[in-house]
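Notebook open, model loaded. I want to look at a sheet, a helix and the contact between two chains.

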Amino acid sequence: MSAGDAWILICSLADIPVLGARRVARAQGLDVALFRNSQDEVFALLDRCPHKGGPLSQGIVFGTQVACPLHNWTIGLCDGQAAAPDQGCTPSFSVQLQDGQVYLRADELRTRATDLLRPLAGPARRQAAV
Amino acid sequence: MEMKLPPMRKHKLVMVGNGMAGVRTLEELLKIAPDLYDITVFGAEPHPNYNRILLSPVLAGEQTLDEIVLNPISWYEENGITLHAGKTVTEVNRSQRVVRAVDAQGQVVEATYDRLLLCTGSKPFILPIPGKDLPGVMAYRDIADTEAMIDAATRYRHAVVIGGGLLGLEAANGLMRRGMKVTVVHVMPSLMERQLDPVAADLLRQSLEARGLHFLLGAHTQELLGTEADGQARRVRAVRFKDGSEVAADLVVMAVGIRPNTELAQRMNLHLDKGIVVTDTMQTVTDARVYSVGECASHRGIAYGLVAPLFEQAKVAANHLALHGIGRYQGSLTSTKLKVTGIDLFSAGNFMGGEGTEEIVMSDPFGGVYKKLVIQNDKLVGACLYGDTVDGSWYFKLLRDGRSIASIRDRLMFGESNIGDVGHEGHNKAASMPDEAEVCGCNGVKKGAICKAIKDKGLFTLEEVRKHTKASASCGSCTGLVEQILMFTAGGDYSATPKTKALCGCTEHGHQAVREAIRSVLPDGSKLLTIGAVYRHLGWKTPNGCATCRPAVNYYLISTWPKEAQDDPQSRFVNERSHANIQKDGSYSVIPRMWGGETTADELRRIADAVDKYKIPTVKVTGGQRIDLLGVKKEDLSAVWKDIGMPSGHAYAKALRTVKTCVGSEWCRMGTQDSTQMGKDLERAMWRMYAPHKVKFAVSGCPRNCAEAGIKDVGIIGVESGWEMYIAGNGGIKTEVAQFLTKLQTPEQVLEYTGAFCELYRQEGWYLERTVHFVARVGLDYVKKRLLQDEAGRKALWEQLQFALDGEPDPWFEPQKAQVDTRQFQALGSGQGVFA
């Protein structure tokens, strides 16, 4: 395994609230959302709802799902799939939990879904429309 | 290590009858317990489950058979269900638990069961008259009948339909549309006597006659006459009546009613009384392993023939089959709608009226409109509408809710179309909307798309339509329209929202039951103080609820037991966790509190400095007289709060938001009272007050009412002699003028009465129910009783609110005390690029 494919330590499990999430900033691309459910399982998805780009890290976590804070789509934490009848999928990331420490893969953080953006709002949106 | 247990033997569920009620039971069962059973289905018809209600549009040539299939063969395959279509069950051995069926070729199939579901439906009743077995005489019940009628219409001229009820008229209309000359024979003096009063029935007859149908009312059929050849009857040729008269007929359709199909149940020695007698859990009283739903089941002496009740039964049966063991079927109210294109009629409840009832009638026979509402004890108990049925769904809702209509009695007849909903181009009548008209302004859903989804996907409930089309799934203002469309498209059989609506899919309990459970002290003297305890106590189906129930239960806990129940930030919507409003790009808005809408140069300077320092892109004045800073990055939120140094405006919360004021007597030459001071006092007394939904006040200093107090949750209007108090107004989705509550003398009284009203709403309102809906639900009279007639109670409410608010932290100044998890403001690894 080359150095670029290594698992890197992100935080400890205790840094993520139970039934909550933290955001992981990347050099490029949107944040990765790290979720923790009531069973202390940890999941990692791109922090972006497939519907209208809402930050999933800000949603309400229940079971193995999160409700997007913008329009309440329900996204599966395991696979990033929207619950039926909604359709869409957000990219997921490999995550490892070992001795209470949370790890993500360096190569995925560096390269996965770095092209996806948040929707624009405010004056920035107006300028983009011109 | 995960333990690998040997797979348990699955239970066997056999269903007899492959119709709508049964298959709906399976669908409900698969939703909650997908792996519990091996399922085998026997259906006498050689088809998968189809929408029997829509046979009439098929007969009339408006839809095709393919279009009315609800569950194609692939659905059975995907769900691992063994389907024996075209096989009739002839015998069930209850001691050995074996079902035996034969197909058309006489081939026998057997299946054993642990649980048996009997959904044998009903059979048409055939008049026991000479000639009933002649070729050309038939009933109208299934696909085969429909096909036979369509075929007959291509070859014969004269049809007689015996029976002037719902089914008979739909059959007659269909045959006429296919070119036959149709006579409807009815033994009663008026049509559809079980659904319509005589006036409406007469209007219906006239309208159908104008379309070309012939009627013989009060006619007793004596026998059916046939053509003869070689001494053998070849085909029916005429109907003869008791008075000796005859009508030519090449086709006779008997639609004189249905009888529960209980032949098999009888052979099984199950107790029968107008059907297979079942308990509230849909189990037969004879054998608890045997369930029955649908038209064959007799519940509390009633066998229902409409879809809505059957679906309610299906839900209960599925719940018990899934071993959840909660939920009881307690009977249904039904409504009727004729599926004849162009004829609008609707009836529900006790539409005939009678002793102890009052009637409101509107009759315009030349315009073809007739409406009758039957009222008993201030409640709507029946409705019969002809010609204009757009308000049918609304009346039906009033009827089922059993809510007092005393306060809306004068407007009742004019329907819900008087309401001021916005977002759908002012349309209030779904039937008259063109397909391309937008119904749901939030999600951009057009009428045509909703109709198509209802037909294609076989949707029956508002919830299903919301899920599949998103119509009325956001702000909900078009709910009434969507219900109308559902009713028009699916017919009167649409499933109206059940009376007690479950809070969400995680529970069977409604809001009221959950509130009451939280309020009642347990036998051992303890209280339910955490969400987990509530879920365990009420048997929640999910371990930690969902995004709908958790915020509701969290609110119920902290509002019922202030200072005792612990707030759970992870069960709050993001805005109440971040204490700011999330925007479409994931940034936030910050609205500081400005008491009564007043500010100072100092505050404005600090705001301006923060805007520069944090590069806040938009500054806007809100409708509630506050300043909104839009586009604040989440990581800047706490710094912005600190720099501004103003209290939280709670513009993000289900809480007291703003108190809007006019200038008042301090400056205004018209002012009679110091409305600004009153507004500031109200805001200081009640800020940080969480509630079922957002709460807005306004105070005006004179009746010119510049603060627009008439559309606020509490509106106070100063007059020369004191203050007028209005409650439950709303300026949003549903513009609703606030209702006068009382006249008050002093500012202290204004505080006390306003506080008491808010506390009543906090304690008894349902989560996400605005004051307008709360007061509509409990009635203005009830609010008056609690606030005006019970002085001690009012003072107690006001004290309870003050107790709850005492020492409550401002989340912007005291984040720790307010349990704000400040970790949320920082991304992990932000700035350092360590995860690059």
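Before I go by strand numbers, a reminder to myself: a strand here is a DSSP run of E at least two residues long, numbered from the N terminus, and two strands pair if DSSP finds at least two bridges between them. I also note that this is a predicted model.

Entry one, the sheet. With that settled, I looked up Ile60(A) and found it opposite Ala67(A), which belongs to strand 6 of chain A. Strand 5 of chain A and strand 6 (residues 65-67) run antiparallel, and I get three bridges between them. Going wider, I see an open sheet of three strands in chain A, ordered 5-6-7, with antiparallel pairing. Strand 5 (60-62) and strand 7 (74-76) of chain A are the edges; each has a single partner strand, so one side of each has no neighbour in the sheet. I checked the twist too: neighbouring strands are turned by 25° against each other on average, direction ignored.

Entry two, the chain contact. How many residues does each chain bring to it? I get 37 residues from chain A and 31 residues from chain B. On the chain A side, the elements giving two or more residues include strand 5 again, along with helix 1 (106-111) and helix 2 (123-129). The largest share of that side is four residues, from strand 2 of chain A. Sorted by class, the chain A side has 22 nonpolar, eight polar and seven charged residues.

Entry three, a helix in chain B. Helix 18 (residues 601-613) has 13 residues and spans 18 Å from first C-alpha to last, close to the 18 Å expected. Just after helix 18 of chain B, I noted a positive phi of about 50° at Lys615(B).

Key: Residues numbered from 1 in each chain as written. Chains lettered and ligands numbered in written order. Predicted model: local features only at pLDDT ≥ 70, side-chain atom pairs only at ≥ 80, totals over all residues. Axes fitted to C-alpha atoms, helices over the stretch in contact; angles between N-to-C directions. Expected span 1.5 Å × (residues − 1). Contact = placed C-beta atoms within 7 Å. Nonpolar A, V, L, I, M, F, W, Y, C, P; charged D, E, K, R; others polar.
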